[in-house]
Amino acid sequence: MTTSGNAAERRVFLLAHTGRPAAIRSAELVVQGLLRCGLKVRVLRSEAADLPLPPSVETVPEATPDVLEGCELLIVLGGDGTLLRGAAFARASGVPMLGVNLGRVGFLAEAERDDLDKVVDRVVTRAYEVEERMTIDVLVRSNGDVVHRDWALNEAAVQKVSPERMLEAVLEVDGRPVTAFGCDGIVCATPTGSTAYAFSAGGPVVWPEVEALLMVPISAHALFAKPLVTSPNSVLAVEVQPHTPHGVLWCDGRRTVELPPGARVEVRRGAVPVRLARLHHASFTDRLVAKFALPVSGWRGAPR
């Protein structure tokens with residue numbers, strides 16, 4: 001993709017959930033602020049039709065991997081689904097993503113809708129840091145052949161399809177079997193995903209700077225069905241038993257593929273991370289308390 005202008009121009013890409021009135025208004029405010037400060041803004045043409053944007057805003061016709069070419073930052077306005085959509089753009093391009101939460105929890109977001117002025121100021125002055133988040137690469141094998149490849153920032157979830165039938169599966173770590181049981185599914189997650197689906201399934205919260213892989217059963221009918229935390233270099237596998245009804249694989253709750261009986265899903269550390277722009281130096285502990293509104297009254301802190 002080619003862009004006009006000289007190399008000195010600074011450009012950001014804006015991705016928004018245009019089905020939300022709050023996102024439309026927020027996008028308008030962010031674009032106006034960036035343009036006033038001399039930055040260029042680029043958006044998808046399909047979203048531009050729903051946004052009140054001035055003609056100076058660049059548009060690109062489709063969501064291809066190179067749409068962020070020449071952009072220094074990706075700003076995403078929306079809830080968790082939109083942020084995960086933005087993560088796919090960020091991973092494909094290597095451009096850092098700055099999320100503004102317009103949904104409920106928004107663990108991937110760095111700012112809330114009331115922080116839009118601060119977001120614009122930090123982007124203009126480049127007052128942000130970039131951190132890398134681990135991803136996972138996912139392979140699906142059937143009869144020994146690779147039939148599907150995918151990736152995820154949060155999790156890859158192997159789930160049953162029929163409500164009345166359990167998914168019979170065998171869990172494997174580093175080429176060795178761990179246990180087998182009937183269940184509703186198994187979540188293989190990153191530390192970033194530990195506060196998403198894996199958390200809902202009863203998995204542990206893992207701090208983002210901890211490098212690890214998680215395997216969390218969903219409603220397993222077994223005495224030993226505890227969440228497992230492994231090395232980031234481990235290879236996790238879930239084998240769907242040949243006699244069980246087919247299952248389904250969900251990656252980040254966005255991309256899905258049907259799993260035939262006997263399918264094998266392999267999960268390993270992703271080759272390409274997602275880069276996130278950070279505005280705050282607040283610890284993950286503080287973020288956890290704020291996002292889940294955890295009670296901390298009575299805390300006195302360490303003796304001085």
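This report covers two sheets, an aromatic cluster, two residues with positive phi and a surface patch in a predicted model.

## The sheet around β10

Six strands make up an open sheet. Their order is β15-β14-β13-β10-β17-β18, and the pairing is antiparallel. The edges are held by β15 (228-230) and β18 (255-259). Each of these two has a single partner strand, so one side of each is left without a neighbour in the sheet. From one strand to the next, the twist averages 15°.

Strand β10 spans residues 155-160. On one side β10 runs antiparallel to β13 (residues 185-189), joined by five bridges. β10 also pairs with β17 (residues 247-251), again in the antiparallel sense and over five bridges.

Individual bridges fix the register. E155 has A189 of β13 as its bridge partner. A157 is bridged to V187 in β13. In β17, the bridge partner of A157 is W250. A157 thus has a bridge partner in β13 and another in β17.

How many of the six residues of β10 are buried? Five are, so β10 is largely enclosed by the rest of the structure.

## The sheet from β9 to β12

A further open sheet also has six strands, in the order β9-β8-β19-β16-β11-β12. Here too the pairing is antiparallel. The edge strands are β9 (145-152) and β12, each of which pairs on one side only. The twist in this sheet averages 20° from one strand to the next.

At the β9 edge, the partner is β8 (residues 136-142). Seven bridges join β8 and β9, and the sense is antiparallel. One register point is V138, whose bridge partner in β9 is D150.

Strands of a sheet pair through backbone hydrogen bonds, in either a parallel or an antiparallel arrangement.

## The aromatic cluster

The structure holds five aromatic pairs. One of them is F107 with F284, a tilted pair with 6.0 Å from centre to centre and 40° between the planes. This pair links distant parts of the chain, 177 residues apart. F107 sits in the loop between β5 (97-101) and β6 (111-112), while F284 belongs to helix α6. F107 is buried, at a relative accessible area of 10%. F284 is buried as well, at 12%.

F284 also pairs with W207. That pair is edge-to-face, with 5.0 Å between centres and 70° between planes. It too links distant parts of the chain: W207 is in the loop between α5 (197-200) and β14 (213-218), and F284 in α6 is 77 residues away. W207 is partly exposed, with a relative accessible area of 28%.

Which residues form the aromatic cluster? F107, F199, W207, F284 and F292 form one cluster.

## Two positive phi angles

Most residues other than glycine have a negative phi. D174 has a positive phi of about 55° although it is not a glycine. D174 lies in the loop between β11 (167-173) and β12 (176-183). With a relative accessible area of 46%, D174 is partly exposed.

A293 also has a positive phi, near 50°. Its place is in the segment after α6. Why does A293 count as exposed? A293 has a relative accessible area of 65%, and exposed means over 50%.

## A nonpolar patch after α6

L294, V296 and W299 form a nonpolar patch on the surface. Together they have about 360 Å² of accessible area. W299 lies in the segment after α6 (284-292). W299 is exposed, with a relative accessible area of 73%.

## Accessibility of the named residues

The table gathers the relative accessible areas.

| Residue | Relative accessible area | Class |
|---|---|---|
| F107 | 10% | buried |
| F284 | 12% | buried |
| W207 | 28% | partly exposed |
| D174 | 46% | partly exposed |
| A293 | 65% | exposed |
| W299 | 73% | exposed |

Terms used. Residues numbered from 1 in each chain as written. Predicted model: local features only at pLDDT ≥ 70, side-chain atom pairs only at ≥ 80, totals over all residues. Heavy atoms only, no water. Patch = residues over 30% accessible without salt bridge, like charges linked within 9 Å, V, L, I, M, F, W, Y side chains within 5 Å. Areas by Shrake-Rupley, 256 points an atom, 1.4 Å probe, with all protein chains shown as cover. Salt bridge = Lys/Arg side-chain N within 4 Å of Asp/Glu carboxyl O. Helix = DSSP H or I, 4+ residues; strand = E, 2+ residues; numbered from the N terminus. Buried < 20%, exposed > 50% of the residue type's maximum accessible area, 1.4 Å probe, protein only. Phe/Tyr/Trp six-rings, centres within 6.5 Å; stacked < 30°, edge-to-face > 60°. Pairing = 2+ DSSP bridges. Axes fitted to C-alpha atoms, helices over the stretch in contact; angles between N-to-C directions.
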